[in-house]
Amino acid sequence: MIDKDGYCEHCGHAQPRERDHMEHELPGVAAVSDRGLRHHRNEDAYAVSAIALADGAPATVAVVSDGVSSATRPDEASAAACAAARELLVTALPQGEDPREATHDAIMRAAEAVNSLAAPARGPLQHDPHRHENAPACTIVTAVVTGDLLTVGWVGDSRAYWVPEDRSTQPARLTEDDSWAAQMVAAGLLSEAEAYADERAHAITGWLGADAYEVEPHTASFHPDRKGVVIVCTDGLWNYAESAELMAEVTPPDARTRPLECARQLLAHALDGGGHDNVTVAVLPFPLAPEGAGSA
């Protein structure tokens, strides 16, 4: 018998939950998510799809979200954000909407979904000074591959990287964190090494949730001129491969042809490094094979 908290009533051990480890592979995209070695549950989530555009060309979609642990029900927030963003993207893109506009709209739809999880006010807090709940909250990052175009969007500190198949060429980080460290570096107050060594480094300055400031999705589009993969991940991975160069070093050379194995190896790298956080990574090969269209 398993009690409501997920522990066996006979041996007392925590039992595996469905979200403790998840994997998904579709034509042109794969994703893996894991609880890690230190957390009691997985507060990350992902959603992936392989779709056909209006002209029949294939496209792939990946959404990754990291629940904010200091908020209530972060696992629900990340799952709601991924589901809402994916739903809008797989509806809008086949109808011909511009990928960058669709990405912006998807993140706003995700924000609405997370906002809807906030509990209604139950009376003034001063009547119960010991009760305080932060609304469910999460970060989000999305990637869309359509033809020769790569589009990313994000709020928070989950990231997207470009790793070329030819490792003699330069990899790149495609996103800029909404975080204390990034603000310090952008303002010229600290070097990147100094900022990320500070205990406040990972304090996020942008997120989805009813307690967030006005949500302003970041979006960017790229036209890579060579083959490679897009790595979309939470900080549970990039903490162990922060720079684009380090991410390229730990990405296997056959990542474009074996995206699920690539995702598994990146997860293993994070776990071998200590697995201090939940780890989620999606891998999108670029460009897509012509037969990569499908639906899921």
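**Cavities.** I searched the whole structure, a predicted model, and got one cavity of 30 Å³ or more. Its volume comes out at about 30 Å³. I then wanted to know which residues line this largest cavity. My list reads V163, P164, E165, R167, G228, V229, P252, P253, A255 and R256. Two elements give two or more residues to that lining, namely β8 (159-164) and β12 (228-233). Sorted by class, I have six nonpolar residues, one polar and three charged in the lining.

**Second largest pocket.** Next I looked at the open space. For the second largest pocket I noted a volume of about 230 Å³. Which residues lie nearest its centre? I wrote down D66, G67, D157, D235 and D277, out of 14 lining residues. The class split for this pocket is two nonpolar, seven polar and five charged residues.

**Whole chain.** I counted elements and found seven helices and 13 strands. The protein has 296 residues, and 51% of them count as buried. For the surface, I have about 13,800 Å² exposed, with carbon and sulfur atoms supplying 51% of that area. I also checked how contacts spread along the sequence: taking those with a separation of 6 or more, 68% are between residues 24 or more positions apart.

**Nonpolar cores.** A reminder to myself before this part: in soluble globular proteins, nonpolar side chains tend to be buried together. The largest nonpolar core here holds 32 residues. Within this core, V63, A81, L89, L93, I140 and L208 touch the most other members. Where does the core draw its residues from? At least two each come from β3 (44-52), β4 (58-66), α1 (74-92), α2 (99-115) and β6 (140-146). I marked α1 as the source of the largest share, 10 residues.

I picked I140 for a closer look, as one of the core members that touch the most others. Which residues is I140 in contact with, once its neighbours within four places in sequence are left aside? I get V63, V64, S65, A81, A85, I107, A110, G153, W154, V155 and L208. Of these, V63, A81 and L208 are also on my list of members that touch the most others.

Apart from the largest core lies another one, of 29 residues. I noted W180, W238, A255 and V283 among its members. A255 was already in my notebook, since I had listed A255 in the lining of the largest cavity.

Terms used:
Residues numbered from 1 in each chain as written. Predicted model: local features only at pLDDT ≥ 70, side-chain atom pairs only at ≥ 80, totals over all residues. Heavy atoms only, no water. 1 Å grid on protein atoms, 1.4 Å probe; cavity = no way out; pocket = protein on both sides within 12 Å on 5 of 7 lines; lining within 4 Å. Points joined across faces, edges and corners; volume = space filled by probe spheres on them. Helix = DSSP H or I, 4+ residues; strand = E, 2+ residues; numbered from the N terminus. Nonpolar A, V, L, I, M, F, W, Y, C, P; charged D, E, K, R; others polar. Buried < 20%, exposed > 50% of the residue type's maximum accessible area, 1.4 Å probe, protein only. Contact = heavy atoms within 4.5 Å. Areas by Shrake-Rupley, 256 points an atom, 1.4 Å probe, with all protein chains shown as cover. Core = buried A, V, L, I, M, F, W, Y, C linked by side-chain atoms within 4.5 Å.
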